[in-house]
Amino acid sequence: MQTELFFQYLVAGLTYGTIYAVVGVGFNIIYNTTGIINFAQGEFVMLGGMTAVTLAAFVPLPVAIAAAVLLTMLVGALVELTFIRWLGRPTVLRMIVITIGVSIMIREAALVVWGESVRALPYFTGDEVTSLSLWGVHVSPQVLWSLAACVAIVASLWAFFQHTPLGRQMRACASNRDAAALCGVPVRNLVTLSFALSAGIGALAGCVVSPITYTAYNVGTGLAIKGFTVAILGGLGNSTAAVAAGFLVGVLEAFSVSLLPTAYKDAISVAILLAILFVRPSGLFGSAEVARLEARG
Amino acid sequence: MNRTRIAAAALALAASFQAGAQGKEPLKVGALLSVTGPAAFLGAPEARTLEMLVEELNAKGGVDGRKIELIVKDTGGNPEKAISFAKQLIEENGVFAIIGPATSGESIAVKQFVNDASTILLSCAAAEVITTPVLPYVFKVAPKDSYAAEMIFRQMKKLGVKRIGVLSSNTGFGKAGKEQVEKLAPAHGIEIAASEVYDKAATDLTAEVTKLKAANVQAILNWSIEPAQSIVIKNARQIGLAVPIFQSHGFANVQYAKAAGAAAEGVMFPASRIVVAESLAASDKQKPVVASYKKGYEARFKEDVSTFGGHAYDALGILVRAVKEAGLDREKARKAIEDMKGFVGTAGVFNFSPEDHNGLSIEAFEMITVKGGKFVVLGR
């Protein structure tokens with residue numbers, strides 16, 4: 001393969017990868033504080049994109065995006081307050097049913113509010129045909145924007161969890177909820193915060209990728225499936241790993257197109273997931289010991 | 001049993017109070033349309049068109065004093081849902097005829113069942129296999145995809161294109177189109193250097209267009225009805241692939257061009273004349289029909305007309321004319337459609353026959369291109 005084409009496929013892979021990665025990260029935050037897989041994560045991405053598109057008609061783009069992120073965080077917090085908080089120690093199955101229910105509710109509400117049409121934010125820099133040429137490889141500036149957003153999200157999450165008191169409390173809550181509660185950590189409020197946080201990250205992702213992928217009331221499910229795949233693949237609970245797994249899946253999918261008919265693209269990512277889970281049930285970067293302890297506890 | 005009779009009586013009573021329909025049995029029309037989902041750009045304008053038209057007709061006293069009762073089912077573009085809704089419309093609602101489905105995949109899925117129930121089906125989808133072989137009760141009002149492919153190849157020849165890359169979505173429409181393209185290309189001396197099928201929900205196709213670039217194609221032909229057809233154009237331009245881009249008649253909703261923005265400029269596709277209503281000559285047979293539909297629709301729904309809404313307009317028009325001729329006799333009404341000649345619709349002039357349940361000729365198509373974000377006739 002010519003080097004130029006090789007890098008072109010790589011860029012395609014990175015584009016897919018960023019989208020998967022940012023959704024995957026959202027799954028991890030809620031999983032970390034609650035042990036819940038939030039199947040409404042894709043809907044947060046959709047809400048962010050749609051809200052920003054609506055607001056962008058009235059206010060400048062950066063303001064619209066910031067407002068969309070804040071509004072979606074509010075929705076995330078409300079979801080937790082209404083549906084999750086009052087449950088004592090819900091079973092996993094119950095949580096799955098609840099979050100799927102929430103995702104359907106949000107989707108239908110979005111259909112009522114925005115209708116069925118497909119929308120997108122304008123390109124942040126340039127327009128639909130702008131592309132930067134780097135050594136013969138063409139990249140849309142929006143791809144660079146999403147890469148940057150992805151890096152920024154992961155870096156600020158890392159700083160938040162490692163270096164702020166609130167972040168440390170959330171980690172304490174993740175490692176042992178009862179012990180954290182006994183030490184005076186306001187566990188319930190942190191769970192609400194984690195919903196708001198992952199909703200905000202989803203919303204930001206939804207804004208940044210919307211010029212590339214478009215957004216409509218029903219894009220959430222597809223995004224959630226891919227995001228969930230990379231979250232599992234990376235090892236649940238580890239955001240950096242989810243990003244790495246996202247890029248891995250994206251790049252493999254892109255290169256699979258160069259060799260196989262496109263129809264196999266999605267099959268490839270699922271096949272990789274299955275293969276890795278057979279060999280490493282805790283995910284690519286997950287610790288086997290933690291997985292064992294969790295299974296026991 | 002008693003209850004249904006009372007309900008029916010109540011309905012009839014209610015109907016007779018409204019605008020004096022003299023208690024005549026209403027004309028029950030079912031519609032299977034993808035109002036939501038990936039094919040919403042087809043189904044949604046179709047559903048809106050039907051609602052508008054039924055309201056207008058009923059306000060004028062209905063069809064020969066019969067009120068039209070419209071029951072729209074949203075299939076979400078899903079063939080399985082289309083089948084179960086078709087059953088519901090026929091068995092529970094007892095509809096006289098069904099308009100739709102909007103997509104080829106769904107139409108292929110329901111056609112045998114609807115036919116066996118002696119219910120008229122007026123599909124709004126394009127695939128040729130919907131009406132070949134002919135089933136007595138199954139008709140379609142969207143022009144054939146072989147004509148669309150023919151129009152595209154003629155244009156390619158004019159541009160001297162010999163080597164093309166074909167992209168299509170994994171839907172009934174994409175699949176049927178791809179078959180026609182592959183069948184007709186050799187006769188025009190055109191080589192298909194690469195052919196890729198992508199998922200209907202695809203959100204980025206950079207890798208696919210990169211593959212076409214690697215195959216050194218002189219033009220891209222994309223065949224789908226989903227938002228992916230806008231994404232294809234953007235991605236091709238973004239990787240610096242500057243060859244002409246052709247789309248199928250599935251592109252004929254200006255929303256798709258708007259979604260691709262600057263990248264859509266110069267895209268060529270065949271479509272019926274409704275999308276270029278303004279630039280039609282005053283002598284054009286279709287002008288009055290197209291203009292009146294366009295005016296009504298755009299004033300009411302504040303969005304541009306598409307060929308798809310036009311299909312629903314034609315389907316209901318054909319049905320109404322058949323019922324005027326034959327009354328509520330299924331077999332007679334079916335025959336009336338089969339013998340119908342010279343029905344001027346938005347898609348073209350329909351001349352049905354027992355062998356041809358589509359009734360449109362290649363003249364129904366015009367090559368269209370995108371200029372300044374608008375659809376214009378190519379070469380004018």
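This is a walk through a predicted model, one selection at a time.

**Colour by confidence**

Start with chain A coloured by pLDDT. The chain averages 86, and 96% of its residues reach 70 or more. Now pick out the two extremes: helix α3 of chain A (residues 61–84) has the highest confidence, at a mean of 95, while helix α12 of chain A (residues 288–296) has the lowest, at 51.

**A helix pair in chain A**

Next, select residues 3–34 and 141–163 of chain A, which are helices α1 and α5. Their axes come within 10 Å of each other and cross at roughly 35°. The crossing is left-handed. To see what makes the contact, show side chains: from α1(A) you want A:V11, A:L14, A:T15, A:T18, A:A21, A:V22 and A:V25, and from α5(A) pick A:V143, A:S146, A:L147, A:C150, A:I153 and A:V154. Colour these by class and you get 10 nonpolar residues, three polar ones and no charged ones. As you look down the helices, keep in mind that an α-helix has 3.6 residues a turn, so residues three or four places apart point the same way.

**Where chain A meets chain B**

Bring chain B into view. Here 31 residues of chain A touch 31 residues of chain B. On the chain A side, the elements giving two or more residues are α1, α8 (187–213) and α10 (239–259). Which of them gives the largest share? That would be α1(A), with seven residues. Colour the chain A side by class: 15 residues are nonpolar, 12 polar and four charged.

**The sheet in chain B**

Hide chain A for a moment and show the strands of chain B. You'll find an open five-stranded sheet in the order β2-β1-β3-β4-β5, with parallel pairing. The edges belong to β2 and β5 (138–140), each with a single partner strand, so one side of each has no neighbour in the sheet. Tilt the view and look along the sheet: ignoring direction, neighbouring strands are turned by 20° against each other on average.

Zoom in on β1(B) (residues 27–33) and β2(B), which run parallel and are joined by seven bridges. One pair to label is B:A31 with its bridge partner B:V72 in β2(B). Is β2(B) mostly buried or exposed? Five of the seven residues of this strand (residues 68–74) are buried, so the rest of the structure largely encloses it.

Slide across to β3(B) (residues 97–99) and β4(B) (residues 120–123), a parallel pair with three bridges. Label B:A97 here, and opposite it in β4(B) you'll see B:I120.

**Helices on the sheet**

Add residues 40–59 of chain B. This is helix α2, which packs on the sheet and touches β1, β2 and β3 of chain B, its direction making about 165° with that of β2(B). Then add helix α4 of chain B (residues 104–116), lying across β1, β3, β4 and β5 and running at about 165° to β4(B).

**Last stop: α7 of chain B**

Select residues 206–214 of chain B. Eight of the nine residues of this helix are buried, so α7(B) is largely enclosed by the rest of the structure. Those buried ones are B:T206, B:A207, B:E208, B:V209, B:T210, B:K211, B:L212 and B:K213. Turn chain A back on to see what they pack against: α1 and α10 of chain A, plus β6 (163–169), β7 (191–198), β8 (219–223) and α8 (228–238) of chain B. Finish on B:N216, just after the helix, which takes a positive phi of about 55°.

Note on methods. Residues numbered from 1 in each chain as written. Chains lettered and ligands numbered in written order. Predicted model: local features only at pLDDT ≥ 70, side-chain atom pairs only at ≥ 80, totals over all residues. Axes fitted to C-alpha atoms, helices over the stretch in contact; angles between N-to-C directions. Helix = DSSP H or I, 4+ residues; strand = E, 2+ residues; numbered from the N terminus. Left-handed = near helix turned anticlockwise from the far one by under 90°. Contact = placed C-beta atoms within 7 Å. Nonpolar A, V, L, I, M, F, W, Y, C, P; charged D, E, K, R; others polar. pLDDT = per-residue confidence, 0-100. Buried ≥ 20, exposed ≤ 12 C-beta atoms within 10 Å, placed from the backbone. Pairing = 2+ DSSP bridges.
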